[in-house]
Structures are given as C-alpha cells and as structure tokens.
Amino acid sequence: MATSTCLWLTGQAGSGKRTVGRAVAADLNARGIAAIFIDDEAQNRYLAPGDEPLRWFCETLLANNVTVIVAISALRQSDREDLRSTLNRFLEVFLDAPAEVCAQRAGRADSGFETPHAAELRVPTANRSVAASSAQVISFLEESGVISDTSA
C-alpha cells in the first residue's frame, strides 16, 4: 500500500537530486508503486515553462495515486513554501553536500540556493553512494507511512 506523494528533492546543483531521484523512482516502481520522476529537462521538454504547469502536472498525478519525485531547482525557500502550501502530500528532501563538492560535480557554483528551513528529511550526499542515499529516502517513506515496508 502506498499514499501518493510529491517528493520534492532540493539542494544545490551537483547535490545529487537527479541521480538520487531516479534511483528512488526505480525502487518505488520495482515495488509496484506508481511513481514518476521529473527534472528540469523533462519539464522543459513536456510542460510549458513556469510553476503553474508543473503544479498542475503534480496535482493530476497525485489525484491518480501516482507518486511524483521532482528534482527541479527551486532556489528560494519562499518558492518551495508556496509549493508546499498548494500541493497536497508534499514532502521536501534536502540533498545536502558542501558547496565545493557540488561545484566540482556540477562544474559551477550554485550561489543562489537557499537552504531549507524545515525539510522533512536531510540526506547527506557528499561521501555516500547513490544506493545509500536512495535507501535513506525509501526508509523515510516507510517510517512516515507513505509506503508500506511490506510492499517490497
């Protein structure tokens, strides 16, 4: 059993949002849980620019019992709080890596990113495998009752 949720992965460019997000979606799908991953690239390709088309897409999937894993840069805390207030079942996961690690991975610094004040989960990604980071997210979803640990 699973409760559809919008799992918003946040963090600086290079923190692992895309990589961990894909791994979480694959794990949920392997458990028979309907989940879709969307990142900046998919948004630009399939949706109109801006927050409203993305918000509509997420709401539509949630209404159809599909979990949405979003790895789209929302640099400002106020933008993420706006999403939290309008999307039902919104959980923020902060993928936390030092700025120098992120800059090395991404090839650039992400100086505009505002660290979350109240993310439901913090996942340190600097010295961790993708599998370990994804497993922490899945464990959090189990502990939160979003998914059942017997759905594996």
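Q: Which strands does helix α1 lie across, and at about what angle does α1 run to β2?
A: Let's start with the helices on the sheet of this predicted model. Helix α1 covers residues 17–30, and the strands beneath include β1 (6–10) and β3 (67–71). Taken in full, α1 lies across β1, β2, β3 and β4, and α1 runs to β2 at about 165°.

Q: Which strands does helix α3 touch, and what angle does its direction make with that of β2?
A: Helix α3, residues 51–63, also packs on the sheet. Its contacts there are with β1, β2 and β3, and the angle between the directions of α3 and β2 is about 170°.

Q: In what order do the five strands form the open sheet?
A: It helps to begin with how the strands pair, which is parallel. Strand β4 (residues 90–96), for instance, pairs with β5 in the parallel sense over four bridges. Within that pair, Asp-96 stands opposite Pro-124 of β5. The whole open sheet reads β2-β3-β1-β4-β5.

Q: Which strands stand at the edges of the sheet?
A: Follow the order β2-β3-β1-β4-β5 from end to end. An edge strand has a single partner, so one of its sides is left without a neighbour in the sheet. That describes β2 (35–39) and β5 (121–124).

Q: Which residues of α6 are buried, and how wide an arc do they cover around the axis?
A: Buried here means under 20% relative accessible area. In α6, that picks out Ser-133, Ser-134, Val-137, Ile-138, Phe-140 and Leu-141. An α-helix has 3.6 residues a turn, so residues three or four places apart point the same way. The buried residues of α6 sit on the same side of the helix, because their arc is only 155°.

Q: What covers the buried residues of α6, and which exposed residues does the opposite face carry?
A: The cover over the buried residues of α6 includes β1, α1, β4 and β5. Turn to the face pointing away from that buried side, and you find the exposed residues Ala-131 and Glu-143.

Q: How far apart are the end C-alpha atoms of α6?
A: Helix α6 spans residues 130–143, which is 14 residues. At 1.5 Å a residue, α6 should span 20 Å. The distance between its end C-alpha atoms agrees with that: 20 Å.

Q: What is the radius of gyration of the protein?
A: The protein has six helices and five strands, and its C-alpha atoms fill a box of roughly 40 × 35 × 30 Å along the principal axes. For 152 residues, a compact globule would come out near 15 Å. The protein agrees with that expectation, at 15 Å.

Terms used:
Residues numbered from 1 in each chain as written. Predicted model: local features only at pLDDT ≥ 70, side-chain atom pairs only at ≥ 80, totals over all residues. Heavy atoms only, no water. Pairing = 2+ DSSP bridges. Helix = DSSP H or I, 4+ residues; strand = E, 2+ residues; numbered from the N terminus. Contact = heavy atoms within 4.5 Å. Axes fitted to C-alpha atoms, helices over the stretch in contact; angles between N-to-C directions. Expected span 1.5 Å × (residues − 1). Buried < 20%, exposed > 50% of the residue type's maximum accessible area, 1.4 Å probe, protein only. Arc of directions from axis to C-beta. Rg over C-alpha atoms; globule rule 2.2 N^0.38 Å.
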